[in-house]
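Colleague: I have a structure that is new to me. Please take me through its features one at a time.

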Amino acid sequence: MSNNCLFIFISVCFVSLATRGQEIKICDGPPASKAGVVHIIADTQLVHDIKPVTVGDDGPQMNGYRIQVYGETDRGAAQKIKDEIAIMYGVRTYMIYESPYFKVRVGDFRSRMEAQQMLHTLKQKYTSILLVPGMVNLPDLK
């Protein structure tokens, strides 16, 4: 029993001494001369793995899904459907113009499963619905 305790004590001491020299240095130079500038020194593989956040008109965006409920040339009909869905279901709706079509898309879904639930709900009232992958707005912080 005492040999096991001695072994554990020596192991803990060795590990703590071995890890002491592995401190991470964030920046070696003097503080940045401009306020708000951050310098990060990291492994090159980590830098390649990080994708910058896309900032659209509505703020930062990420990959996700929206549901397209309309895609025709009638702007009035598109606006009517957009407003109707926003009021009836309480979700963000978007009208996109890609010549010559006005498209109405619903939601900012982060996963396909989230989008499928709303898709099922909308299918009860609207036909020819599509699940469209693309950039969506980040959810609001609460």
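The dialogue below goes from the overall layout to the core, a pocket and a few single residues.

Modeller: Keep in mind that this is a predicted model.

Colleague: Let us begin with the layout. How many helices and strands does the protein have?

Modeller: There are four helices and five strands. Taken in sequence order, they give the pattern α-α-β-β-α-β-β-α-β.

Colleague: What share of the contacts in the protein, among residues at least 6 apart in sequence, join residues at least 24 apart?

Modeller: That share is 68%.

Colleague: What can be said about the surface and the interior?

Modeller: A residue counts as buried under 20% relative accessible area. Of the 142 residues here, 22% count as buried. The exposed area of the protein is about 11300 Å², and 58% of it is supplied by carbon and sulfur atoms.

Colleague: Which residues have the most contacts inside the largest nonpolar core?

Modeller: They are Ile67, Val69, Ile81, Ile85, Leu122 and Ile129, in a core of 17 residues. Two or more core residues come from each of strand E2 (59-72), helix H3 (75-89), strand E4 (101-109) and helix H4 (112-123).

Colleague: Take one member of that core. What does Leu122 touch, leaving out residues up to four places away in sequence?

Modeller: Leu122 touches Ile67, Val69, Ile85, Tyr89, Val106 and Ile129.

Colleague: Now the pockets. What is the volume of the largest pocket?

Modeller: Its volume is about 330 Å³. The lining has 15 residues, and Arg92, Asp108, Leu138, Pro139 and Asp140 are the closest to the pocket centre. E2 and E4 are the elements that give two or more residues to this lining.

Colleague: Which element supplies the largest share of the lining of the largest pocket?

Modeller: E4 does, with three residues. By residue class, the lining of the largest pocket divides into five nonpolar, four polar and six charged.

Colleague: Next, single residues. Where is Ala77 found, and why does Ala77 count as partly exposed?

Modeller: Ala77 is in helix H3. The class between buried and exposed runs from 20% to 50% relative accessible area. Ala77 counts as partly exposed because its relative accessibility is 24%. For distance along the chain against distance in space, take Ala77 and Val104: they are 27 residues apart in the chain, and their C-alpha atoms are separated by 9.8 Å.

Colleague: How should I read the geometry of the backbone?

Modeller: Start from the usual case: most peptide bonds are trans, and most residues other than glycine have a negative phi. Here, the peptide bond from Ser99 to Pro100 is cis, with omega near 0 degrees.

Colleague: Where does Pro100 lie, and what does Pro100 touch beyond residues up to four places away in sequence?

Modeller: Pro100 is in the loop between strand E3 (93-98) and E4. Its contacts of that kind are with Glu72 and Thr73. Gly71 is 29 residues from Pro100 along the chain, and 9.6 Å separates their C-alpha atoms. Pro100 has 40% relative accessibility, so it counts as partly exposed.

Colleague: And which value does phi take at Ser128?

Modeller: Phi of Ser128 is near 45 degrees, which is positive in a residue other than glycine. Ser128 sits in the loop between H4 and strand E5 (130-137).

Colleague: Is Ser128 buried or exposed?

Modeller: The cut-off for exposed is over 50%. Ser128 has 66% relative accessibility and therefore counts as exposed.

Note on methods:
Residues numbered from 1 in each chain as written. Predicted model: local features only at pLDDT ≥ 70, side-chain atom pairs only at ≥ 80, totals over all residues. Heavy atoms only, no water. Core = buried A, V, L, I, M, F, W, Y, C linked by side-chain atoms within 4.5 Å. Buried < 20%, exposed > 50% of the residue type's maximum accessible area, 1.4 Å probe, protein only. Contact = heavy atoms within 4.5 Å. Areas by Shrake-Rupley, 256 points an atom, 1.4 Å probe, with all protein chains shown as cover. 1 Å grid on protein atoms, 1.4 Å probe; cavity = no way out; pocket = protein on both sides within 12 Å on 5 of 7 lines; lining within 4 Å. Points joined across faces, edges and corners; volume = space filled by probe spheres on them. Nonpolar A, V, L, I, M, F, W, Y, C, P; charged D, E, K, R; others polar.
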